[in-house]
Amino acid sequence: MSSLDAIYRPHDDVRFRVIDSQGVIICQNSGEAIVVSNVGARILELMNAERTLLDIVHTLSGEYEVARETLVEDAITFADELVSCGVIELKG
Amino acid sequence: MSFGEQFLSNGPEPLLSLTQGWGEASRDIHLPFGTCRFDNLTESQHRALDTLDVRDAPLDRAHVDIDVRSADPGAFRNIAWDGLEYELEFDYRPDRVSWTGDGFLVELETGDGPRACRLWTRVNEPAHFAGVAQNVLRIVAAYRLLDIGGVLLHSAAVAPNEETLLFYGTSGAGKSTIAASALALGLTVLSDDLNALLPAADGFVVASVPFTGDLDHVPDRLAPSPLAALYQIRQAAENATTQLQASQAVAGLAVCSPFVNIDPHRQAGLLDVLTQLAARVPPEKLLFTKPVDFWEGVI
């Protein structure tokens, strides 16, 4: 399970584009494409800046009217899913 | 695994220095982005290109010069494929792409303008060389189309009138099924596997390429025609069409854009082209039943 103190970053072979507030991710090795929500797209953008998951949740809590506990839960679930898909990796 | 490990006995380097051609013959193949010229062919290899069912283009300057070079058979591993399909190996660089398969190695320069391509092969036998040529042209087409703002799309193209409908999907989605249904109705069908999309002043046009799919239908060769509709296909219990969000449309198109969608140096450009395509001709999701009976709803 992902840790809030961890820094995740997109794999070098992953291309990411925001289209109409949603994220489109292409994985190089498979050619598969993944669509993520506007919040997911924002999390990926923030991951590009090499911030901890906790920092990302803090930023999101200022941008979305969602309970912090929900954001924490969703961010961890999202990070877990992206790790399992090979989209992001743990830095260091 | 390093590049070429599966197909090349000693990697690509020993081949790259070989400059001897096979013969004296040349052959032009006309594709939507321009002409591909195979140089230094034997008569046997020249005849093999007949099987691609392409028409000779005027002898203008080739957009891609394919320099065919002779290689020692020992440079390639002997693998008993027995007609089985195999996966090519690729090496991606910012200014070129290389790939290798059974008995051949290709290096293609990429970017704007005419580009050079070198093909090292041990293959002279016509049927085998035709297969090699297909493995060259399909990938050259994908890269050159992207260079000019177009895309090669896994799709079935049906032209019921002056415009073309494109049904795209991955392997097994039903492209050949739809193409066969269209043929049965007397409609014009381009390829049931790969079709070329090129940017035009007021949208995109569809052009045929000489690549067939499961249907083995020789593509009808037409002048490029306007793209009227894009359908992301999926078999279902009932016919239905639904709008796709732009992000879903681009993602679906990316999956169906072979070769360039797994090249890290081309993915950003591919997303640019597909975003423009989805904006100009918004794709719909088409759920369809077998046997196909949706034509009244889309024509």
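This is a short walk through a predicted model, starting at the interface of chain B and chain A and ending inside chain A.

**Stop 1: the interface**

Show both chains and select the residues in contact: 18 from chain B and 16 from chain A. Between them, the two chains bury about 1400 Å², with 63% of that area on carbon and sulfur atoms. Now highlight Ser247(B), Gln267(B) and Leu271(B) as sticks. On the chain B side, these three lose the most area to chain A, and together they make up 35% of what that side buries.

**Stop 2: polar links across the interface**

Keep the interface in view and turn on polar contacts. With both residues at pLDDT 80 or more, the count between chain B and chain A is 5 residue pairs. How many salt bridges does the rule find across this interface? There is 1. To see a salt bridge here, pick Asp272(B) and Arg17(A), whose closest N and O atoms are 2.7 Å apart.

Next, color the chain B side by element. Helix H5 (246-255) and helix H6 (267-280) of chain B are the elements that give two or more residues to the side touching chain A. Which of chain B's elements gives the largest share of that side? Select H5(B), which brings 7 residues. Recolor by class and the chain B side shows 10 nonpolar, 6 polar and 2 charged residues.

**Stop 3: two crossing helices in chain A**

Hide chain B for now and select residues 38-48 and 68-85 of chain A, which are helices H1 and H3. Their axes come within 11 Å and cross at roughly 75°. Angles from 65 to 115 degrees count as roughly perpendicular, so that is how H1(A) and H3(A) are placed relative to each other.

Zoom in on where they meet. From H1(A), show Gly40(A), Ile43(A), Leu44(A) and Met47(A); from H3(A), show Ala75(A), Phe78(A), Ala79(A) and Leu82(A). What classes do the residues of this contact fall into? By class, 7 are nonpolar and 1 is polar, with no charged residues.

**Stop 4: a salt bridge within chain A**

Stay on H1(A) and select Arg42(A) together with Glu63(A). They form a salt bridge, with the closest N and O atoms 2.8 Å apart. Glu63(A) sits in helix H2 (residues 53-63) of chain A and Arg42(A) in helix H1 of chain A, so the pair links distant parts of the chain, 21 residues apart. Side chains of opposite charge can pair when their charged atoms come close.

To finish, bring chain B back and display every salt bridge: the count over all chains comes to 17.

Methods
Residues are numbered from 1 along each chain as its sequence is written. Chains are lettered from A and ligands numbered from 1 in the order in which they are written. This is a predicted model: local features need pLDDT of at least 70, side-chain atom pairs count only at pLDDT 80 or more; totals for chains, interfaces and linings use all residues. Side-chain values use heavy atoms; hydrogens and water are left out. Contact means heavy atoms within 4.5 Å. Buried area is the accessible area (1.4 Å probe) that two parts lose on being put together, summed over both. A salt bridge is a side-chain nitrogen of Lys or Arg within 4 Å of a carboxyl oxygen of Asp or Glu. A polar contact is a pair of N or O atoms within 3.5 Å; within protein, one must be able to donate a hydrogen and the other to accept it, and residues adjacent in sequence count only if both atoms are side-chain atoms. Helices (H or I, at least four residues) and strands (E, at least two) are DSSP runs, numbered from the N terminus. Ala, Val, Leu, Ile, Met, Phe, Trp, Tyr, Cys and Pro count as nonpolar, Asp, Glu, Lys and Arg as charged, and the others, Gly among them, as polar. Axes are lines fitted to C-alpha atoms, for helices over the stretch in contact, and angles run from 0 to 180 degrees between N-to-C directions. Angles under 35 degrees count as roughly parallel, over 145 as roughly antiparallel, 65 to 115 as roughly perpendicular and the rest as oblique.
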